[in-house]
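Hi,

Here is the structure I promised to pass on. Have a look at it first, and then read my notes below with the model open beside you.

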Amino acid sequence: MFRLSIIGIGLVTSLLCIMASKFPALKNDRLLRAAKGEVVDKIPVWIMRQAGRYLPEFRELRSKYDFFTICETPELAAEVTLQPIRRFDDLDAAIIFSDILVIPKALGMKVEMKPGVGPVLPDPLVKPEDIKKLQYPVNIKESLGYVMDALTLTRNKLEGKVPLIGFSGAPWTLMGYMIEGGGSKTMSKAKHWLYQYPTESQQLLNILTDTVIDYLTEQGKAGAQLLQVFESNAEYLGPELFIKFALPCIARICQSVKEKLKQENLDIPMTIFAKGAHYALEELAKTGYDVMGIDWTVDPILARQAVGPNITLQGNLDPCALYAKDGDLIGLTNKMVNKFGKSRYIANLGHGIYPDVDPEHVRTFLKEVHNH
C-alpha cells in the first residue's frame with residue numbers, strides 16, 4: 001500500500017497544487033466555530049498527539065519506516081494523520097503528523113529520533129558563534145515543502161469530515177532543543193544562554209521567529225484550517241525570563257502570520273499552548289491568539305478569570321486520567337467540562353497523550369465530552 005518511488009512521489013506532488021484549490025466542503029466545523037466564539041451544538045474535542053504511538057496501527061506502520069521518513073513522506077504522514085479519524089467517530093479535528101524539530105532540521109541541524117530516548121541533536125549549539133552554522137534564511141518551500149504537501153493531501157483525503165490543524169514549536173522551545181541537544185529536565189544549558197548571552201539569545205530567537213512565521217504561513221496556504229504554536233518548555237522560565245524572551249516571539253508570530261494570511265484572503269484561527277505558563281495567562285491573552293491551551297495544573301475557572309471572555313480556552317484533562325477506570329474517567333471528564341462551560345471551549349488533554357494509553361479509554365473520553 002505504501003510502496004514509494006521517485007516517480008510516485010513526484011506524481012503526487014504535481015497533483016497537490018490542483019487539489020489545494022478544490023478542497024472538499026467542511027462538514028464538521030465545531031472546532032472552528034468554537035475558536036471564533038460562535039455557538040456550537042456540541043463541545044469540540046481532539047487530543048494532542050492523537051496520531052501516534054498509542055495506536056496499534058501507527059506502531060505497525062512505524063515498524064516499517066523511520067520516524068522522519070514518515071514525517072517527510074506526504075503519503076505516509078497523511079495516512080498516520082487519518083488513523084485516529086478512522087478509529088474515533090467523535091474526534092472534531094485532525095492534526096497533521098509532523099514534529100516541531102523539523103525547523104532545526106531545516107536550519108541545517110541533524111536531528112535523530114532514538115527509540116526509548118526521544119529526539120537527539122548530536123551537534124547542538126554550544127556557544128554563540130555556533131549560530132553562524134545555521135542555514136538561514138530558510139527556504140520553506142524547499143526545506144519543508146513535504147509538510148505542505150502532506151497538509152494538502154490530507155485535507156483532501158479528509159473529505160471535509162473534520163478540520164485539519166497545522167502546528168509549529170515556539171522559538172524558546174526550539175532554542176532549548178537546539179542548545180540542550182535533546183530533552184532536558186532543567187533546560188540549564190539553554191537558560192545559561194539567556195543569562196550569559198542575552199543579545200545572542202535574542203538573535204537566535206529572532207531567527208527562529210522569522211522561520212516559524214514563514215512556516216505557519218505556508219501551512220495555512222497549503223490547507224491547514226487552524227494553526228497551533230507549542231511553547232512546550234514555558235515551565236522552565238519564570239515570569240521575567242518568559243516576558244523578556246519568549247512572549248515577544250509568540251506575539252510577533254501571531255501578528256505576522258495573520259497579516260500574511262490576510263493577504264491571501266485566509267482567516268485562520270490560531271492557538272497558543274504554553275505548557276507551564278500559568279504565571280503569564282494574562283500576558284498571553286494580549287498576544288492576539290484566538291485560542292489558549294492550558295495544561296492540567298491550571299484551574300479552568302481561574303484561567304477564564306485571567307484571560308477574559310473573548311478568548312477560547314482549550315484543555316485540560318491530565319493525560320494520566322486516561323489510565324482511570326471508565327466510571328472514574330467519565331466523572332473526571334464531566335468535572336472538567338463543567339468548569340469550562342460550553343461557550344468558547346475546546347476539550348482536550350492538558351498535554352500530549354502517552355504511548356501506553358488504551359485507545360478504548362480515549363473513546364470513552366471523546367464520547368463523554370460529546371454526551372455532556
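Let's start with a little puzzle: does Arg344 count as buried or exposed? Keep in mind that this is a predicted model. Arg344 has a relative accessibility of 17%, and the cut-off for buried is under 20%, so Arg344 counts as buried. You'll find Arg344 in the loop between α15 (326-340) and β9 (345-349). Its backbone is worth a look too: phi of Arg344 is near 50°, a positive value in a residue other than glycine. For background, most residues other than glycine have a negative phi, and most peptide bonds are trans.

**Some backbone oddities**

Arg344 has company here. Met187 isn't a glycine either, yet its phi is positive, at about 55°. Look for Met187 in the loop between α9 (171-180) and α10 (188-196). With a relative accessibility of 1%, Met187 counts as buried.

Then there are cis peptide bonds to look at. Tyr136 and Pro137 are joined by one, with omega about 5°. Pro137 sits in the loop between β3 (118-120) and α7 (140-143). Another cis peptide bond links Gly315 to Asn316, and there omega is about -10°. Asn316 belongs to a strand, β8 (residues 312-317).

**The nonpolar core**

Now colour the nonpolar residues. The largest nonpolar core has 133 residues, and the members that touch the most others are Met178, Leu204, Phe242 and Phe365. Which helix gives the most to this core? That would be α12 (residues 239-262), with eleven residues. In general, nonpolar side chains tend to be buried together in soluble globular proteins.

Try clicking on Leu204. If you skip residues up to four places away in sequence, Leu204 touches Leu125, Ile131, Leu134, Met175, Met178, Ile179 and Trp193.

**α9 against α10**

Next, go back to the helices on either side of the Met187 loop. How do α9 and α10 pack? Their axes are 8 Å apart and the angle is about 110°, so α9 and α10 are roughly perpendicular to each other. The crossing is right-handed. On the α9 side, the residues that meet α10 are Trp172, Met175, Gly176, Ile179 and Glu180. Facing them from α10 are Ser188, Lys189, Ala190, Lys191, Trp193 and Leu194.

Trp172, in helix α9, is a good residue to zoom in on. With a relative accessible area of 1%, Trp172 is buried. Leaving out residues up to four places away in sequence, Trp172 touches Met187, Ala190, Lys191, Leu194, Leu205, Glu231, Asn233, Ala234, Leu237 and Ala246. So what does the polar part of its side chain do? A polar atom there lies 2.9 Å from the backbone oxygen of Asn233. To get a feel for distances, compare Trp172 with Gly288: they are 116 residues apart in sequence, and their C-alpha atoms are 18 Å apart in space.

**α11 alongside α12**

Here's another helix pair. The axes of α11 and α12 come within 9 Å of each other and cross at roughly 30°. That makes α11 roughly parallel to α12. Their crossing is right-handed.

Thr217, which lies in helix α11 (residues 198-222), is the one to click on. Thr217 is buried, with a relative accessible area of 7%. A polar atom of the Thr217 side chain is 2.7 Å from the backbone oxygen of Ile213. Not counting residues up to four places away in sequence, Thr217 touches Val257, Lys260 and Leu261.

**One more stop: Gly169**

Finally, find Gly169 in strand β4 (residues 164-169). Gly169 is buried, with a relative accessible area of 0%. Apart from its neighbours within four places in sequence, Gly169 is in contact with Ile100, Leu174, Val212, Val229 and Phe230. How far apart are the C-alpha atoms of Gly169 and Lys367? They are separated by 29 Å, with those positions 198 residues apart along the chain.

Have fun clicking around!

Cheers

How values were computed. Residues are numbered from 1 along each chain as its sequence is written. This is a predicted model: local features need pLDDT of at least 70, side-chain atom pairs count only at pLDDT 80 or more; totals for chains, interfaces and linings use all residues. Side-chain values use heavy atoms; hydrogens and water are left out. A nonpolar core is a set of buried Ala, Val, Leu, Ile, Met, Phe, Trp, Tyr and Cys residues joined through side-chain atoms within 4.5 Å. Buried means under 20% relative accessible area, exposed over 50%, partly exposed in between (1.4 Å probe, protein chains only). Helices (H or I, at least four residues) and strands (E, at least two) are DSSP runs, numbered from the N terminus. Contact means heavy atoms within 4.5 Å. A polar contact is a pair of N or O atoms within 3.5 Å; within protein, one must be able to donate a hydrogen and the other to accept it, and residues adjacent in sequence count only if both atoms are side-chain atoms. Axes are lines fitted to C-alpha atoms, for helices over the stretch in contact, and angles run from 0 to 180 degrees between N-to-C directions. Angles under 35 degrees count as roughly parallel, over 145 as roughly antiparallel, 65 to 115 as roughly perpendicular and the rest as oblique. A crossing is left-handed if the near helix is turned anticlockwise from the far one by less than a right angle, and right-handed if clockwise.
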